[in-house]
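Visitor: I am new to this structure and would like a close look at a single part, the strands and how they pair. Could you take me through them slowly, explaining the terms as you go?

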Amino acid sequence: MTFWQRLRNGVQQLMYGRHGADEFSLALLIFGMILSLLGGITRFPVLDLLGMATYVYSLYRMFSKNLAKRTAENQKFVGLWSGAIGGVRQFFVRLRNQRNYKYFKCPECHARLRLPRKVGEVTVTCGKCKHAFKQKA
Ligand SMILES: [Zn+2]
């Protein structure tokens with residue numbers, strides 16, 4: 001066996017039955033790097049320490065043998081993250097369309113609705129809860 005084969009076997013044995021890297025661990029590593037970087041720039045030792053703690057937690061997750069718990073954590077993180085990304089994307093879509101559409105929320109169920117600016121005042125029926133109300137565009 002060459003050195004690289006032995007190294008690969010060693011790593012495989014070490015990681016056997018362990019959770020390994022996932023999206024959440026990766027995000028934690030990146031977040032830790034940002035914290036450490038900020039700590040270096042601002043010379044604020046607390047940020048450095050927090051960055052370290054984030055690395056350690058990320059490593060702990062990768063080497064953890066509690067697969068069910070780590071997988072659940074990762075799913076929760078991925079859900080929250082894609083929700084946040086979707087929210088940011090929606091915000092920019094609304095910003096771009098502001099000139100042509102009036103955005104507002106349904107007073108009953110708070111669903112987000114929009115009307116073309118040119119319609120004036122109309123009665124709106126919410127698509128989600130069917131509540132009807134007057135709205136100026
Ligand atoms: Zn509604």
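**The paired strands**

Guide: Tyrosine 103 stands opposite arginine 114, which lies in β2. Before going further, please note that this is a predicted model, in which local features need pLDDT of at least 70 and side-chain atom pairs count only at pLDDT 80 or more, while totals for chains, interfaces and linings use all residues. Residues are numbered from 1 along each chain as its sequence is written.

Strand β1 (residues 101–105) and strand β2 (residues 112–116) run antiparallel and are joined by five bridges, where strands are DSSP runs of E with at least two residues, numbered from the N terminus, and two strands pair if DSSP finds at least two bridges between them. Between β1 and β2 lie six residues, the two strands forming a hairpin, and in its turn histidine 110 has a positive phi of about 60 degrees.

Turning to the next pair, strand β3 (residues 121–125) and strand β4 (residues 132–136) are also antiparallel, with five bridges between them, and one of the matched positions sets valine 124 against phenylalanine 133 in β4. The hairpin of β3 and β4 has six residues between its strands, and there lysine 130 takes a positive phi near 65 degrees. As for its surroundings, β3 is hardly covered, since zero of its five residues count as buried (20 or more other C-beta atoms within 10 Å of the residue's own, with C-beta atoms placed from the backbone).

How values were computed
Helix = DSSP H or I, 4+ residues; strand = E, 2+ residues; numbered from the N terminus. Buried ≥ 20, exposed ≤ 12 C-beta atoms within 10 Å, placed from the backbone.
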